[in-house]
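Trainee: I'd like a close look at a single part of this model: the charged pairs and whatever they join. Please start with the overall picture, then zoom in.

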Amino acid sequence: MASAISLLLLPSPRPLHGAGGSRLLPSTPHRRVLLAAPAPRRLLAAAPPPRASNNNDNSGAVEAPDRLVAAVAYLYPFLDGAHHGRFLLAQFPFFSALLRPLAPAARLFHSSPLTPFLLFLTLYFAVVRNQQAFSRFVRFNAMQAVALDVLLIFPDLLAQSFAPSGGVGFEIYQSLESTVFLFLLVSLVYGGGACLLGKTPRLPIVADAAERQVM
């Protein structure tokens, strides 16, 4: 009896190494794993923070041939609409001197009535729609150039239907023609310059339309 009482009074063995230990302390193995392996924290600490993307500054990702092709695409709408600057060039001759390096390209562009149309088809079908051969950078800028050229339909129609010979109407007509030419010139300088730097230019009016066309 005494031995039985002494056995009852003795403290029960701590179940740390027996088979029943897992039933009494089910969370002990998990605590040991968490304390012994803080690897996830080291991975999170070593991983660099995500960098914010900027579509307008991707100069490190654009190769030199893509920059050149994208910049040359903006020559197409400018050469196609250069005739709108006849009044401005007559009033300010330094514009003619500034654009003189483009004279060979202008002569080649207007060498045949079919040249503008063939260039339009080439830019749209061979560049914009050709995802395998050209990067999105090139295709987006080519689409902007094509959309800008399509917009020239409106001033061309205005020039054919409304061409006063004098008075206030003629002055308004001159101002509109010069505005179109300056817009094309700014688009050429800004678009071509940004492409040469590897940045994506976004021209007003045509940028959203180009985004929808380029996948």
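**From the whole fold to the charged pairs**

Mentor: Of the 215 residues in the protein, 28% are buried; that label means under 20% relative accessible area, with exposed being over 50% and partly exposed in between, using a 1.4 Å probe and protein chains only. Keep in mind that this is a predicted model, where local features need pLDDT of at least 70 and side-chain atom pairs count only at pLDDT 80 or more, while totals for chains, interfaces and linings use all residues. Residues are numbered from 1 along each chain as its sequence is written, and side-chain values use heavy atoms, leaving out hydrogens and water.

The secondary structure is 14 helices and 0 strands. These come from DSSP runs, numbered from the N terminus: H or I over at least four residues for a helix, E over at least two for a strand. Take contacts (heavy atoms within 4.5 Å) between residues at least 6 apart in sequence, and 76% of them join residues at least 24 apart. The accessible surface adds up to about 14,500 Å², with 68% belonging to carbon and sulfur atoms; those areas come from the Shrake-Rupley method with a 1.4 Å probe, and for residues only the protein chains shown count as cover.

Now for the part you asked about. Side chains of opposite charge can pair when their charged atoms come close. The cut-off for a salt bridge is a side-chain nitrogen of Lys or Arg within 4 Å of a carboxyl oxygen of Asp or Glu, and a search of the whole structure finds 4 of them.

One of these joins Arg86 to Glu177, with the closest N and O atoms 3.2 Å apart. Arg86 sits in helix α7 (residues 86-91) and Glu177 in helix α13, so this pair ties together parts that are 91 residues apart in sequence. The two partners have unlike surroundings: Glu177 is buried at a relative accessible area of 3%, whereas Arg86 is partly exposed at 38%.

Glu211 is where things get more connected. Its side chain meets that of Arg136 in a salt bridge at 2.6 Å, N to O. Because Arg136 lies in helix α11 (residues 136-151) and Glu211 in helix α14, that pair ties together parts 75 residues apart in sequence. Glu211 also meets Arg202 in a salt bridge, this time at 2.9 Å, N to O. Add Asp208 and you have a network of salt bridges linking Arg136, Arg202, Asp208 and Glu211. As for cover, Arg136 counts as partly exposed at 38%, Arg202 at 35% and Glu211 at 30%.

While you're in that stretch, check Ile205, which lies in the loop between α13 and α14 (207-213). Most residues other than glycine have a negative phi, yet Ile205 has a positive phi of about 80° and is not a glycine. Ile205 counts as exposed, at 68% relative accessibility.

Back to α13, which holds more than the acid partner of Arg86. Leu176 is also in helix α13, and it is partly exposed with a relative accessible area of 39%. Together with Leu158, Phe162, Val168 and Ile172, Leu176 makes a nonpolar surface patch of about 430 Å² accessible area. Patches take residues with over 30% relative accessible area and no salt bridge, joining like charges within 9 Å and nonpolar side chains (Val, Leu, Ile, Met, Phe, Trp, Tyr) within 5 Å. Helix α13 (residues 167-196) gives the patch its largest share, 3 residues.

The UniProt record, an unreviewed entry, lists residues 108-128, 140-159 and 179-197 as "transmembrane region"; its positions follow the numbering used here, feature names are shortened, and annotations may be inferred rather than shown by experiment. In the model, residues 140-159 are 95% helix and 0% strand, with end C-alpha atoms 30 Å apart. For residues 179-197 the end C-alpha distance is 27 Å, again with 95% helix and 0% strand.

Last, the rings: Phe87, Phe170 and Tyr173 form one aromatic cluster. Rings of Phe, Tyr and Trp (its six-membered ring) pair if their centres lie within 6.5 Å, with planes under 30 degrees apart called stacked, over 60 edge-to-face and the rest tilted.
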